[in-house]
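Dear colleague,

Please find below the structure that I am handing over to you, together with its sequence. My findings follow directly after it.

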Amino acid sequence: PSTGPSNNPFTHSSSRSPAHDSAVPSAYTSASPSASTPASTSAHHPAYSPTHNPFSNSSSYTWGNPTDSTQDYKPGRKKIRQNMSFLSKRRALPIWPYKSEIIRRIEQSQVVIIEGETGSGKSTQIPQWCLEVENVSKVVCSQPRRIAAISLANRVAHEMGVGVGDEVGYVVRFEHKSSLTTNLKYVTDGILVRQLMTDRSLEAYDVIIIDEVHERRLVTDILIGLIKQILPYRPELRIVIMSATLNKNKFSDFFENCGNLKIPGQIYPIEKIFSPAVIERAAFGEDDQKRYEKYVIQAINVVMEICIMERTQGDILVFVTGRDEIDYICEYLEDLCVTYKDSMGTIDIIPLYGELPYSSQQRIFAKAPKSFQGRISRKCIIATNIAETSITIEGIVFVIDSGKVKLSSVDQKCHMKSLLPVDISKSSAEQRAGRAGRTQPGKCYRLYSQDAYEAMANDTIPEIMRSDLTSVILQLKVMGIDLETFESIDQPNPDQRQLALERLIQLNALDPYHNVTEIGRQMARFPLDAEVSRMLVASKDYSCQNEILTLAAMLSGDRPGSVFVLVGKKKREKAMEARGQFAHPSGDHLTYINVFNHFKANGCREDWCFDKFLNFKILNEASTIHSQLEHIMIELNFLDHNSLRYSSPAKDSNILKAILTGNISQLAQRDPLQPHVGSRQQFITVLDNLKVTLHPSCTLSEYTQYELLCYSSCLKTNARKSYISTVSSINMEWYDEVAGTTGAPSLMKRRAERMHLLSFMTELELSQLFNDFNI
Ligand code: CDP
């Protein structure tokens, strides 16, 4: 009997259009999940189109001849390719003896949870073994980070002796190497969630592996929740959940009746040294001491200590919080290595953080340098928490742990994001220490006291409980899922959900009843933050598609703010002069567009970027993103090539109006209590009444009294300072014009709300009051 949509987990939203309904596979509308058969679910969605789905299945693919027949496979299992030269290494991995057991579990239960130490071989071996399972031809392994997805695909392609993009490939946002012949694909969690929007039951895969679930990233948790919904409808689908350490009960409770397997780790004893005595070998300038936390200076000293005093062979891994600190430590150590070469030996200093290009990341896998005059030579890797579990580096014997990590969170009441160093959890501290004992006994220098360790939380708070949910909620809404009824391992707090819904209403992505609008659907097509995709949708109304497309590409790379290279004092004047050539009087958004246009006009040349003090890698990446977004714009019929020429003065105001539409909740006004011309200006955010200042990277002058500013990010970088960055000056009159096209209230109403006046004054009285006080 058909019981209608209410029984169907994919039909919660009342907002779905008939066209959307047609995208639901017929199996979902059956009354009982068990009634669906694999055959019935394999029918493609009516809305499915190979051009929309980069993962489209190739029915013509057949297995190539395995290059080797010596592997130990059981009758009934398929043989897969492998490169013999890796076999002995693979066999030595702690996971290898469990191969048959793992395959058996995957064959027997729909969900298997596998817990194993970092480096035990989970991410490289299990996906390959899945390919041996009967009736399995397509395997996807999803990772929280792009760097891990790319480097694993490369590694596994080598182990199988195939090219990357052939049997083994990867897909990450704005970059992919995969083809119709790809049977094992490494992707990021975000890519898989996006794919779920068009392939709602992930028919493209027979096995889905979700790796590093212990990190509890927002998108990983969402992915796990979505995949749980598919299970009753695809009984033949196999799910493997993998993790370094696991709060196992949470995951097993979430997936009832799943199989659990723990791979015993092989860890040598690790000596843990708390708050080591600091040896003042390096003379740090006062500025450095003020600029950086104590642990940064301590970390440098401990590296020196190890290099000079330690007789044990082995590499060093330092955990700090971010790129700035890493670059600083690397530079400082490079200098010290030259000065103290005779006593330190040769040290290869290697930075490691997520946004590094793949080729630079490869340096961490290289062997330590040759010994120098009988002194031990070492690799010294300065990393973020990416080296905690995501990437395994061989040969580490010394770990230096700052005890800090940069965690992003969003203030529940306002919308300010913060990215602040906070204390790590005890489980992170243990993971970090564990990196020292993979190949021999090691040492972990903890740059904090035992008491500080005891005071740490047991586990890190999952991202779903501390993040901005705006883009995720829109994605779920478009899939017809309400976050209120969405089952996830931990539930977000209601304030967070409310905040995101309000933002989406203000952006016109949702109507006041929380139904997705056409604008919302168009926004969800872009793999971008909600604010940026709203700008793109608005660009059509203001005939500035090309410019907003460029801006979106510039804002969506890894570090949009760093397109201007920071230089030392000597070159600063020249760099500022070069920067001045691109500066637009309205602020950063149009300045970024200028930079990109000049980069293109000058043939995208690296030497040109060098001369202009611009970061070539960032511009190159923006160029790739630009082409991908252009593709989506064309699909949506957004690009018409008759749009006005950029040089037209009317055009700038159009561009700024489109930018304002996307950032309608991100406005700041000058602080009326600080009228002094000539002093550094403070601003107050319109939505939440916070005092902010312009970030030093801004094009606008800190000393000018702008009436209204629109910003792309608001960041609290330490307890005292809140900055707005990527800022443009906006004409007051534009606000009400733009707000009329969105769900945002009038500026006057907003100001009144801010001052709690609305309840006892009429709008007319208010406008008189604001005029009188020139607010
Ligand atoms: O997933 P898990 O942390 O358990 O281990 P893995 O990533 O499968 O690593 C197994 C082995 O492959 C380790 O010895 C790594 O050093 C090596 N590996 C590598 O050389 N290059 C990669 N991109 C990934 C792993």
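Please note that this is a predicted model. I have arranged the findings by region, beginning with the ligand.

**Surroundings of the ligand**

The shell around the ligand comprises 16 residues, and those that come nearest are Lys122, Ser123, Thr124, Ser151 and Arg155. By class, ten residues of the shell are polar, three are charged and three are nonpolar. Two helices, H5 (122-130) and H6 (146-160), each contribute at least two residues to the shell. The largest contribution is that of H5, which provides four residues.

**The parallel sheet**

Six strands make up an open sheet with parallel pairing, and their order is S9-S16-S13-S10-S12-S11. At its edges are strand S9 (270-274) and strand S11 (347-352), each of which pairs on one side only. From one strand to the next, the twist averages 15°.

At the S11 edge, the pairing partner is strand S12 (residues 378-383); the two strands run parallel and are joined by six bridges. Within this pair, Ile350 stands opposite Ile381 in S12. Helix H12 (residues 323-339) lies across S11 and S12 as well as strand S10 (315-319), and the helix runs at about 170° to S11.

**Two residues with positive phi**

Two loop residues deserve a separate entry for their backbone angles. Glu212 has a phi near 55°, which is a positive value in a residue other than glycine. The loop that holds Glu212 connects strand S6 (207-210) and helix H8 (218-230). Is Glu212 buried or exposed? Glu212 has 23 C-beta neighbours inside 10 Å, and therefore counts as buried; the cut-off for a buried residue is 20 or more.

His514 likewise is a residue other than glycine with a positive phi, in this case near 70°. His514 is found in the loop between helix H19 (494-506) and helix H20 (518-524). How does the count of C-beta atoms classify His514? Within 10 Å there are 16 other C-beta atoms, so His514 is partly exposed; that class lies between the limit of 12 or fewer for exposed residues and that of 20 or more for buried ones.

To recapitulate the two loop positions, Glu212 counts as buried, whereas His514 is partly exposed.

With kind regards

Terms used: Residues are numbered from 1 along each chain as its sequence is written. This is a predicted model: local features need pLDDT of at least 70, side-chain atom pairs count only at pLDDT 80 or more; totals for chains, interfaces and linings use all residues. A residue is near a molecule or strand if its C-beta atom, placed from the backbone, lies within 6 Å of it. Ala, Val, Leu, Ile, Met, Phe, Trp, Tyr, Cys and Pro count as nonpolar, Asp, Glu, Lys and Arg as charged, and the others, Gly among them, as polar. Two strands pair if DSSP finds at least two bridges between them. Axes are lines fitted to C-alpha atoms, for helices over the stretch in contact, and angles run from 0 to 180 degrees between N-to-C directions. Two residues are in contact if their C-beta atoms, placed from the backbone, lie within 7 Å.
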